[in-house]
Amino acid sequence: MSPIRSQKSLDRKLASIHQDPHRPGDFILADAKDADMAFGLPATGFVWEGGPGNGRPRTLAEFRDTMRQIVEQGLVDIMLMSASTSQELTIDQRIFDHSTVTPAVRANDSTDIHAVRGGHYLASPSLPFRTVTIDQIQSGKAVCTPDERQLGADLGLYSVTFNNLAEADRRALEAYREFRLEAEQKGFRHFLEVFNPNLPDAVPAERLADFINDHIARMLAGVPRAGRPIFLKIPYHGPRAMEALVTYDPHLVVGILGGSAGTSYDALKMLSEARKYGARAALFGRKINQAEDQLAFVEVLRAVADGQLSAEEGVKRYHAALEKKGIRPRRSLPDDMVLTQVPLS
C-alpha cells in the first residue's frame, strides 16, 4: 500500500512559477546533506563546542539527526541525501510522509566529487559514474514492484561536469542521456547540476559563465518536456550570466549551489544577489552544515530567500540568535560581515 503524503511545498512553488514565470515570489530552498557521496568521513562536519579547536567530528547518526530536525522545522523545500540516508529517513522512518519537505537523493557520483583524503581524482577529467540505481532510490531494492516505487524518494540530483574535452564531455552527455531515459520510464523526477570544469584552465575565466550557460541551453534543446529537469543547480557567476539564462527561457527554473562555507555574509549575499537577478532556487550544503546552529541559520536563509530580510540584516539576526542561545560564534559579527566569495552587481 502506498504511503499517504502531505502536499509538498516544492510542487506548489514549481506550479506557481510556471503559471507566471515573470512574477517574483516563490523561492525553492534546499539543504544539501549528500556530502557523504563526496567527502567520506569528513562530510558530516564538526559539532561546534564554542571555541577554536573545540569541535569534534560529527557522527553519521548525529548528521542524520540534524536532518530530522531541519525536516521537522519545515523551512526548506528539499532535503537532499545519499541513498543510504534516504533508506533510513524516507523509507524506514517515514519522516517525510507528513512533512511539506520533499526528499531527494544524489543520483550519480562522477569522479569529480570523489574528494577523499589522499586522493587525486580531482586532477583528472570527470568520469561519469552512478553508485545507486533509480529503483534503489525509489524502493531501497534493486528490483521492485510499482507499489514499492512509492516508498522512497521520487526526486534525484544528477550532476554533469564539462571540461572542454570532446571525448570526456561526450561520455558525460551519454551517461546523462541513459539516466534521463530510465528516469522517464520509471516516473522519476530530477534536477540537474552543472558544475564548473574540475580541470584548471579548461576555459578562460572570462568565458566560464558563457561556457556553462551555452552547454545548458545546447544539451537541453534536445530533451523533450517529459525528460527535462524540474530545475537547475549551477554556480552563481554573477548578474549578467544569471539574467541571460533566465531571460533565454523563463520556464527554465534556475537555482544556485552554495559552494564552500565562507562567512555568513557570503552565503546570504549570494542568495540575495542571485534572487535579485532571477534565480528561483538555492541549495546550501557546507554553508548550513558548518553553521554554529544549523536551525538558526536555516531560519535566516529562509527569510532572505523570501525577501523578508536583507543579507546584512540576516547576518545580524543570526548572530543575535546565537547570542540568545549562548553559542559562541566562530567569527565576530564584523568578521562575519566580510564578503570573500560572491560575484556582485
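**Helix packing and one partly exposed arginine**

Let me begin with helices α10 and α11, the latter spanning residues 311-325, which in this predicted model pack at an angle of about 155° with their axes 9 Å apart. Since angles over 145 degrees count as roughly antiparallel, that makes α10 roughly antiparallel to α11, and the crossing of the two is right-handed. On the α10 side the contact is made by A296, F297 and V300, while α11 contributes G314, R317, Y318, A321 and K325; by class, the residues of this contact divide into 5 nonpolar, 1 polar and 2 charged.

Helix α10, residues 294-305, also leads us to the other end of the chain numbering, as α10 is among the elements that cover the buried residues of α1. Which residues of α1, the helix at 9-19, are buried? They are S9, L10, K13, L14, S16 and I17, and, seen down the helix axis, they fall within an arc of 165°, so they line one face of α1. As a reminder, an α-helix has 3.6 residues a turn, so residues three or four places apart point the same way. Besides α10, the cover includes the strands β1 (28-33), β4 (78-81), β5 (102-106), β6 (155-161) and β7 (189-195).

Finally, I would like to turn to R286, which is found in helix α9, residues 286-289. Is R286 buried, exposed or partly exposed? It counts as partly exposed, because its relative accessibility is 37%. Leaving aside residues up to four places away in sequence, R286 touches F39, G259, S260 and A261, and its C-alpha atom is separated by 9.0 Å from that of G262, which lies 24 residues away along the chain.

Conventions
Residues are numbered from 1 along each chain as its sequence is written. This is a predicted model: local features need pLDDT of at least 70, side-chain atom pairs count only at pLDDT 80 or more; totals for chains, interfaces and linings use all residues. Side-chain values use heavy atoms; hydrogens and water are left out. Buried means under 20% relative accessible area, exposed over 50%, partly exposed in between (1.4 Å probe, protein chains only). Helices (H or I, at least four residues) and strands (E, at least two) are DSSP runs, numbered from the N terminus. The arc is that of the directions from the helix axis to the C-beta atoms. Contact means heavy atoms within 4.5 Å. Axes are lines fitted to C-alpha atoms, for helices over the stretch in contact, and angles run from 0 to 180 degrees between N-to-C directions. Angles under 35 degrees count as roughly parallel, over 145 as roughly antiparallel, 65 to 115 as roughly perpendicular and the rest as oblique. A crossing is left-handed if the near helix is turned anticlockwise from the far one by less than a right angle, and right-handed if clockwise. Ala, Val, Leu, Ile, Met, Phe, Trp, Tyr, Cys and Pro count as nonpolar, Asp, Glu, Lys and Arg as charged, and the others, Gly among them, as polar.
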